[in-house]
Amino acid sequence: MTVLAPGAYARLGVRHPLALDLGTSTVRVWTPLHGAVVAEPAVVARIPSGGHAVGRAAIDLRATSGAKLVWPVRHGVVADFAACVHLLRVVAAATGRPGGDLSPVVVGVPATATLRQKNLLVAVVRRALGGRVSTVEEPLAAALACPADLDHDDIVAIDIGHGRTEIARIADRGVAAAERVDVPNAVDQVPLIAAAVRRLGAHPACAGRRRLLITGAAPRIPGWRPNWLP
């Protein structure tokens, strides 16, 4: 795990750093050059005559020409290396980042991912964007974005995603323990998530405030949903 201090890349010579969230249904990229988050469906359309389209363009292409859609991330981890590389290159270009730029990238990884899954994600990002790639567990990234005291608060974070929900206990500015829930039905997840929160929060790591953080996002565009999900 790499824990990044605020402003770690805010220095001379680092022109176009990227923060990247490659999710099952959505890919999000932030860079100070663009000043906002660029979000696209994490989908690629392969055209029979050759070529690809990604994100909203891929969904529109399916509607007009029946192109086949490929969702290259499943349960929060890489399932199609080449499609992920193409997706990231196109979305990063939409932020205004030059194609040959080698500024560093920080990418979120599931806290319960295996070492092989993490290494595969890093390899995808390095192939797509170049430069140095650092990782941060996604529940920790969510906690860093919230007004929580990571040195004194006792935090349990719930990161709700499509096909993978993680519950993590955060202590000493890192993920101390994590569990995952894979039930695709959101209603059926509730008792499993509640049980995991009770287990992870049973023995506070410190005497500070107890905090429960809930994060996640849902698709907002028709068709913005992996077709392999129930």
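Which residue in S9 is the bridge partner of Leu20? It is Val107, and the views below start from that pair. The model is predicted: local features need pLDDT of at least 70, side-chain atom pairs count only at pLDDT 80 or more, and totals for chains, interfaces and linings use all residues. Residues are numbered from 1 along each chain as its sequence is written, and side-chain values use heavy atoms, with hydrogens and water left out.

**View 1. Strands S1 and S9 run side by side in the parallel sense.** Three bridges join S1 (residues 18–22) to S9 (residues 105–109), and Leu20 has Val107 as its bridge partner. Strands here are DSSP runs of E with at least two residues, helices are runs of H or I with at least four, and both are numbered from the N terminus. Two strands pair if DSSP finds at least two bridges between them.

**View 2. Five strands make an open sheet with mixed pairing.** Read across the sheet, the order is S3-S2-S1-S9-S10. S3 (37–41) and S10 (133–137) each have a single partner strand, so one side of each edge strand is left without a neighbour in the sheet. Neighbouring strands are turned by 20° against each other on average, direction ignored. Helix H3 lies across S1, S9 and S10 and runs at about 150° to S9. For such angles, axes are lines fitted to C-alpha atoms, for helices over the stretch in contact, and values run from 0 to 180 degrees between N-to-C directions.

**View 3. Trp30 links two antiparallel pairings.** A hairpin of three residues takes S1 into S2, and four bridges join S1 to S2 (residues 26–30) in the antiparallel sense. Trp30 in S2 stands opposite Ala19. Trp30 also stands opposite Val37 in S3, and S2 and S3 run antiparallel over five bridges.

**View 4. A three-stranded antiparallel sheet carries two helices.** The strands come in the order S5-S4-S6 and form an open sheet. S5 (52–54) and S6 (68–70) are the edge strands, each pairing on one side only. Neighbours in this sheet are turned by 30° against each other on average, direction ignored. S4 (residues 44–46) pairs with S6 over three bridges, and Arg46 stands opposite Lys68. Helix H1 (residues 55–65) packs on the sheet, touching S4, S5 and S6, at about 120° to S5. Helix H2 (residues 81–93) touches S4, S5 and S6 too, and its direction makes about 65° with that of S5.

**View 5. One cavity of 30 Å³ or more is found in the structure.** Its volume is about 60 Å³. A cavity is a set of points on a 1 Å grid over the protein atoms alone where a 1.4 Å probe fits but cannot get out, and lining residues have an atom within 4 Å of a point. Grid points are joined across faces, edges and corners, and the volume is the space filled by probe spheres set on the points. Among the lining residues are Leu22, Val109, Gln117, Lys118 and Leu121. H3 gives the largest share, three residues.

**View 6. Confidence falls under 50 over residues 218–224.** This stretch has 16 contacts beyond four places in sequence, a contact meaning heavy atoms within 4.5 Å. The protein averages a pLDDT (the predictor's confidence in each residue, from 0 to 100) of 80. Where pLDDT is low, the predicted coordinates should not be read in detail.

Note on methods: On a 1 Å grid over the protein atoms alone, a cavity is a set of points where a 1.4 Å probe fits but cannot get out, and a pocket is an open set with protein on both sides within 12 Å along at least five of seven lines; lining residues have an atom within 4 Å of a point.
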